[in-house]
Amino acid sequence: MSSNFPVTWIVNEHARTVRRSPAVDELFPPGISRLTRSFHRQIPGYRLSPLKGLPNLAQMLGLGGIWVKDESVRLALSSFKVLGGSFAIYRVLKTMLGMDHLEIPFTELTSPEIKQKLGDITFASATDGNHGRGVAWSASAMGFRSVIYVHKHTSEARIKAIQNNGAEVVVVDGTYDDAVRQVNEDAQKNGWTVISDTSWEGYEDIPRWVMQGYTTLFSEAQEQLAAQGIVKPTHIFMQAGVGALAASGIGFYHQLFGEQDPTAVVVEPELAACLYRSIEIGDGKPHPFPGDLNTIMAGLACGEPSPIAWKILRDCTDVFIKCPDYVAAKGMRVYGVPLRGDPFIVSGESGAVTLGALMFIMERPELADLRELLGLDENSQVLLVNSEGNTDPNHFRRVVWDGAAPVPPEYKEYN
Ligand SMILES: Cc1ncc(COP(=O)(O)O)c(C=O)c1O
């Protein structure tokens, strides 16, 4: 049920007891982001995504800085997701070639000789949109076929975007989690290789490579922050579906700074808050979120945490937050129409929820306790990831132009 309150939060007491997370050391061995970046750098069209500062908004909210890693322009695919799918496919191909411990240049990987050695491979995946698009693009960039499974609520625009990247699309009558199950069954029958961003027992290598691939964006951000004279963010707010992106960011910083890592906050839609629920249950295990996951944040509409991501988030996330849809919608509008002097950012529903949540936390009197607990003040340098741009143009216009998902009158700051 929807609570309507903008930010509901829970403190993760376990994280306070963890000095060094073994889950982070296992998933992100030192040097991994150097490897992922050296792979991504070779992809035609690769560029660093921008890190944008919003100094005027930061000042208005009483913060030292807001830094947005803007993934809306990543390889012209409008989201960070391609970083994971491409690195996982690269690692799968290296394994198939028996060249696991070698770095193979992209040009060699896509050469006719290697293609002939590998034969025909079909990559398959379930998606809420962005991951499938990234897998489709990566498979076709490396010369392979892909089949992408989507759930019945996936918009026509998202399906088209996947098809335009060369994939066949199958629509499953169910949720994202049903699409995950179905693609696995069909892949077994057809001999396809599944590139999933979520893990399950016995299937961990590929989701680990996907998560390692995401670290490229955080290592870029670190460099970009350093260029601004900032050693590290004091806070990192990460949006989560299955939790792979959040665990990559939070794990990346834990690997770099250990106990001195930034205060980490995970943000989920209130009707798809599987990580929040897992912390609330409090037995140390991941738990599903019941219901049909009805949220405008399509990329975050996941009912089951990824177990390998969960281990990191359980160890290293300080506070879990869940928000109604209007928080994301507010974030989209603020990014799109910034204060004078701040850059404008195109941000989709899943991309914008962390900014929306940060604003409510800084502005609502009822959230003063959380503000204090997190230590958010004029010394804070907050890192956000705009994880997607305008990936669903109709819905984007409905929110940004027509004002869909309005802030309820009782939580409006500007009357
Ligand atoms: C735009 C966007 N942001 C964030 C996420 C969340 O990533 P994860 O499922 O790894 O938590 C997704 C997932 O698809 C996404 O598409």
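Which residues does Ala-88 touch, not counting residues up to four places away in sequence? In this predicted model, Ala-88 touches Ile-195, Ile-206, Trp-209, Val-210 and Gly-213. Ala-88 is found in helix α5, which covers residues 82–96. Is Ala-88 buried or exposed? There are 28 other C-beta atoms within 10 Å of Ala-88, and a residue counts as buried at 20 or more, so Ala-88 is buried. A separation along the chain can also be set beside a separation in space: Ala-88 and Ala-328 are 240 residues apart along the chain, and their C-alpha atoms are separated by 30 Å.

## Two domains

The domain assignment of the chain gives two domains. Domain 1 is made of residues 8–80 and 206–411, and domain 2 is residues 94–196. How far apart do the C-alpha centres of domain 1 and domain 2 lie? The distance between these centres is 25 Å.

The two domains touch: 22 residues of domain 1 are in contact with 18 residues of domain 2. On the domain 1 side of this contact, α11 (205–227) and α18 (393–400) each supply at least two residues. Helix α18 gives the most to that side, with three residues. Sorted by class, the side of domain 1 that touches domain 2 has nine nonpolar, nine polar and four charged residues.

## The nonpolar core

In soluble globular proteins, nonpolar side chains tend to be buried together. The largest nonpolar core of this model has 129 residues. Met-238, Ile-250, Val-266, Val-267, Leu-313 and Ala-357 have the most contacts inside this core. Why does the core lie between the domains? Domain 1 and domain 2 both give residues to the core, so the core lies between them.

Ala-357 shows what such contacts look like for one residue. Leaving out residues up to four places away in sequence, Ala-357 touches Val-7, Phe-237, Val-267, Ile-321, Cys-323 and Val-327.

## Around the ligand

There are 21 residues around the ligand. Those that come nearest are Gly-241, Ala-244, Gly-299, Ser-387 and Glu-388. The elements that give two or more residues to this shell are α8 (130–141), α12 (244–257) and α16 (349–363). Which element gives the most to the shell? Helix α12 does, with three residues. By class, the shell has seven nonpolar, 10 polar and four charged residues. Both domains take part in the shell, since at least three of its residues are drawn from each of domain 1 and domain 2.

## Strands

One open sheet is formed by four strands in the order β6-β5-β4-β7, and the pairing is parallel. The edge strands are β6 (168–172) and β7 (193–194), each of which pairs on one side only. Strand β4, residues 122–127, pairs with β7 over two bridges. Within this pair, Ala-124 stands opposite Val-194.

Strand β11 spans residues 381–386 and is mostly covered, with six of its six residues buried. In a regular strand the side chains alternate between the two faces of the sheet. On one side of β11 are Gln-381, Leu-383 and Val-385, and on the other are Val-382, Leu-384 and Asn-386; all are buried, and both faces are covered. Strand β11 pairs in the parallel sense with β3 (residues 65–70) over six bridges, and Val-68 stands opposite Leu-384. Strand β8 (residues 235–239) also runs parallel to β11 and is joined to it by three bridges. The bridge partner of His-235 in β11 is Val-382.

## Two residues with positive phi

Most residues other than glycine have a negative phi, and most peptide bonds are trans. The table lists two residues with a positive value.

| Residue | Phi | Place | Other C-beta atoms within 10 Å |
|---|---|---|---|
| Leu-293 | near 55 degrees | loop between α13 (274–281) and α14 (307–316) | 24 atoms, buried |
| Ala-405 | near 55 degrees | segment after α18 | 19 atoms, partly exposed |

Leu-293 has 24 other C-beta atoms within 10 Å, so this loop residue counts as buried. Ala-405, in the segment after α18, has 19 and so counts as partly exposed.

Technical notes: Residues numbered from 1 in each chain as written. Predicted model: local features only at pLDDT ≥ 70, side-chain atom pairs only at ≥ 80, totals over all residues. Near = placed C-beta within 6 Å. Nonpolar A, V, L, I, M, F, W, Y, C, P; charged D, E, K, R; others polar. Domains from an automatic or database assignment. Contact = placed C-beta atoms within 7 Å. Core = buried A, V, L, I, M, F, W, Y, C linked by C-beta atoms within 7 Å. Buried ≥ 20, exposed ≤ 12 C-beta atoms within 10 Å, placed from the backbone. Pairing = 2+ DSSP bridges.
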